[in-house]
Amino acid sequence: MKTLLASVGAVGILAAALAVPATPAAAQGKTLTLCWAAWDPANALVELSKDFTAQSGIEMKFEFVPWPNFADRMLNELNSKGQLCDLLIGDSQWLGGSAENGHYVKLNEFFEAENISMDDFLPATVYAYSTWPKGQPEYWALPAMGDALGWTYRKDWFENPEIAAEFKEKHGRDLAPPKTWDELKEIAEFFQGREIDGKTVYGAAIFTERGSEGITMGVTASLYSHGFAYDDPAGSYKMDGVVNSADAVAGLEAYKALFDCCTPPGYTNSYMQEGLDAFKSGQVAMQMNWFAFFPGLYKDEQVGGDKIGFFVNPGQKVEASTLGGQGISVVSYSQNRDEALQYIKWFATADVQKKWWSLGGYSCHRAVLEDPGFADTAPFAANFLNAMGNVKDFWQEPAYADLLLAMQKRTHDYIVAGQGTAQEALDALVADWTETFEEEGKM
């Protein structure tokens, strides 16, 4: 999940040399504060961290901020060199600014000294959650919470004999989770306005929120699957003909078509919670949302259990999923750096990562994800593993906030407000992003 509202300011100095982590005896009486968003995985981390306190003698406090306010609250804390957070589970897009502005401790020396290998974590998560510059072996976080955009569907509706027979007669194929965006729209249209159990239902809940990051996180699920890329690999920051390519136009048009045909009435500014509400209340046949919410949905008394099914983001031209999730970093302004590093060392171990998954956190550790029995540990586990193998992420540049706000505006204006064409929206986005990178001195 990204929820990005503010830019990381150019403040602070580079982190000082790393000290040797405190021993348990020396740690008695110490307290660490870990900052994150307020959601179900955070509750699981509270439970998990009790083991750390028992082993180390270090007490844990937690500062959990609701998602709509999380980015502003935490980035303001970093920009002001605040000492509230010793550890921060922050979004992947904060890495560029937080590394360049000295907000996070660089972890390479610590990892080497403690024999913590990034090879133990899924490569896509190391790339996304830990490295800056991207793909370089310079680490500013440990992969903490793997996440991607996936889908839930009303399995009981799909398996209803009358509904299934009607769909097959109409479309000549079985009613099953869609493999492509074309199939997704076809199924959504089939359910749109249908009466089930005396209630009018709708095709799909998708992200349309404009204020923070919602519509960008949603529309990229279609863009990526249609072959969208951010820039030309052969020419850094060369975006014309890439961001606004024919594939990108097709992806944007597909998302608007789904919005126009098959969403609930008034669904014009919706994100995570609105999608959850629509699904839990029985309004929609399908819902896009983050895998992080799926354990709670599966346990829901109204729509969980045998009533719910899960599927990975449909492909179209390629298989791809929008990246969510976060890494855990040591804040450079912390007065408890040694103890914070001790927590990182503890959290990186395979046994802790296995328990993290069992409690409802999404481990990035290969000992968990590559275990032969992993797919059987939860009804959404196989889809999660599939998604994490083909995730794509938004810009992680220090100027990401300006880049994000431009995409929010251009896509919302086209998809929801109905202004112009997809080609015009993407052409304008290229111009916006080019201006930002020129101001950054990167073009």
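Here are four short exercises on this structure, each with a worked solution.

This is a predicted model, in which local features need pLDDT of at least 70 and side-chain atom pairs count only at pLDDT 80 or more, while totals for chains, interfaces and linings use all residues. Residues are numbered from 1 along each chain as its sequence is written, and side-chain values use heavy atoms, with hydrogens and water left out.

**Exercise 1. The two faces of a helix**

Task: Find which residues of helix α15 (residues 350-359) are buried, and work out where they sit around the axis.

Solution:
- Start with the terms. Helices (H or I, at least four residues) and strands (E, at least two) are DSSP runs, numbered from the N terminus. Buried means under 20% relative accessible area, exposed over 50%, and partly exposed in between (1.4 Å probe, protein chains only).
- By that scale, V352, Q353, W356 and W357 are the buried residues of α15. They lie on the same side of the helix, because they cover an arc of only 140 degrees around its axis; the arc is that of the directions from the helix axis to the C-beta atoms.
- Now turn to the face pointing away from the buried side: D351 and S358 are exposed there.
- Last, look at the neighbours. The buried residues of α15 pack against several elements, including β1 (31-37), α2 (40-56) and α14 (337-347).

**Exercise 2. A glycine after the helix**

Task: Follow the chain past α15 and describe the surroundings of G361.

Solution:
- Right after α15 comes G360, with a positive phi near 115 degrees.
- G361 belongs to the loop between α15 and α16. Its relative accessible area is 1%, so G361 is buried.
- Contact means heavy atoms within 4.5 Å. Leaving aside residues up to four places away in sequence, G361 touches A44, M145 and W356. W356 is also one of the buried residues of α15.

**Exercise 3. The largest nonpolar core**

Task: Describe the largest nonpolar core and name the residues that touch the most other members.

Solution:
- A nonpolar core is a set of buried Ala, Val, Leu, Ile, Met, Phe, Trp, Tyr and Cys residues joined through side-chain atoms within 4.5 Å.
- The largest one has 153 residues, and W36, W151, M286, Y343, F347 and W433 touch the most other members.
- Helix α18 (residues 400-415) gives the most to this core, with eight residues.
- At least three residues come from each of domain 1 (31-147 + 325-392) and domain 2 (149-322 + 399-440), the bounds being from an automatic or database domain assignment.
- Zoom in on Y343: among the residues it touches, beyond four places in sequence, are L32, L45, F52 and I328.

**Exercise 4. Salt bridges along the chain**

Task: Compare where the partners sit in the pairs R73 with E77 and K442 with E397.

Solution:
- A salt bridge is a side-chain nitrogen of Lys or Arg within 4 Å of a carboxyl oxygen of Asp or Glu. The structure holds 17 of them.
- R73 and E77 have their closest N and O atoms 3.3 Å apart. Both are in helix α3 (residues 67-79), four residues apart, so about one helical turn separates them. R73 is partly exposed at 33%, whereas E77 is buried at 12%.
- In the bridge between K442 and E397, the closest N and O atoms are 2.4 Å apart. K442 lies in the segment after α19 (422-439) and E397 in the loop between β11 (391-392) and α18, so this pair ties together parts 45 residues apart in sequence.
- To finish, find the network of salt bridges that links R210, K409 and D413.
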